[in-house]
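Welcome, and please take a moment to turn the model around before reading on. The paragraphs below walk through it one part at a time.

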Amino acid sequence: NFDLSLTTLIQAALGSAALIGFNERVLIPLLSASVSEGAMMQAEKVLESSGEKEWGREVTREVMIAVTEELFFRGVIQGVLEGILGGVESVLFSSIIFAVFHAEGGLVYILGNLVLGLFLGLSYVVSHNLVVPILLHAIFNLRVRYLARDSN
């Protein structure tokens, strides 16, 4: 059975937006627009006073990447493949697609992302909840960003 529910279509749209680079130009401003002006100004003041305004942007970016990628790779791709191939194969193939999508860093980067994709895919299979791989992916991204920031 191939289910094209509204939820699946919304997830595909969100994932596709992230995949083509609109997450920073469309999704984050859209989410920011849903927060009151006063709350945004207060958050800006806190970040500016702590000297962490840029870090706040990086955190927001990494979390949005995790959300959109997991909606797409686990929610859409793995979900569709599970209906066609079954659980184990859907995790494997969605992880391969995830790794190839992150090919800009060469073979070691692809293999690392394959392992990450397998871990995130299995976390979704075990939990039956997209929030789990989203949180794990966000934590991973933030840790990598933090290590990169400290090395500079």
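Let us begin with helix α6, where Asn113, Leu116, Gly117, Leu120, Gly121, Ser123 and Tyr124 are buried. Looking down the axis of α6, you will find these buried residues within an arc of 155°, so they line one face of the helix. Turn to the other side of α6 and you meet Leu107, Val108, Val115 and Val126, which are exposed. The length of α6 can be checked too: at 1.5 Å a residue, its 21 residues should span 30 Å, and the end C-alpha atoms are indeed 30 Å apart, which agrees.

Just after α6 comes His128. This residue sits in the loop between α6 (107-127) and α7 (131-151). Most residues other than glycine have a negative phi. His128 is not a glycine, yet its phi is positive, at about 55°. With a relative accessibility of 69%, His128 counts as exposed, because the cut-off for that word is over 50%.

Now step back to the whole chain. Please keep in mind that this is a predicted model. Its secondary structure comes to seven helices and zero strands, so to speak a run of α-α-α-α-α-α-α from the N terminus on. The chain has 152 residues, and buried ones make up 31% of them. Among the contacts with a separation of 6 or more, 64% are accounted for by residues 24 or more positions apart.

How confident is the predictor along the chain, and where is confidence lowest and highest? The mean pLDDT of the chain is 75, and 59% of the residues reach 70 or more. Confidence is lowest in helix α2 (residues 23-33), with a mean of 48, and highest in α5, with a mean of 93. Over residues 19-24 the pLDDT is below 50, and this stretch has 13 contacts in the model beyond near neighbours in sequence.

Helix α5 (residues 87-101) is our next stop. At 1.5 Å a residue, its 15 residues should span 21 Å, and its end C-alpha atoms are 21 Å apart, which agrees. Buried in α5 are Ser90, Val91, Ser94, Ser95, Phe98 and Ala99. Seen down the axis of α5, the buried residues fall within an arc of 160°, so they line one face of the helix. Glu89 also has its place in α5. This residue is partly exposed, with a relative accessible area of 37%. Glu89 is 11 residues from Gln78 in sequence, while their C-alpha atoms are 9.0 Å apart in space.

Finally, follow Phe98 to its aromatic partners. A search of the whole structure finds three aromatic pairs. In one of them, the rings of Phe73 and Phe98 have centres 5.1 Å apart and planes at 85°, so the pair is edge-to-face. Phe73 lies in helix α4 (residues 53-85) and Phe98 in α5, so the pair ties together parts that are 25 residues apart in sequence. Both of these residues, Phe73 and Phe98, are buried. Phe72, Phe73, Phe98 and Phe101 form one aromatic cluster. Phe98 has a charged companion as well: Arg74 lies over the face of the Phe98 ring, at 4.8 Å from the ring centre.

Conventions: Residues numbered from 1 in each chain as written. Predicted model: local features only at pLDDT ≥ 70, side-chain atom pairs only at ≥ 80, totals over all residues. Heavy atoms only, no water. Helix = DSSP H or I, 4+ residues; strand = E, 2+ residues; numbered from the N terminus. Expected span 1.5 Å × (residues − 1). Buried < 20%, exposed > 50% of the residue type's maximum accessible area, 1.4 Å probe, protein only. Arc of directions from axis to C-beta. Phe/Tyr/Trp six-rings, centres within 6.5 Å; stacked < 30°, edge-to-face > 60°. Lys NZ or Arg CZ within 6 Å of the ring centre and 35° of its normal. pLDDT = per-residue confidence, 0-100. Contact = heavy atoms within 4.5 Å.
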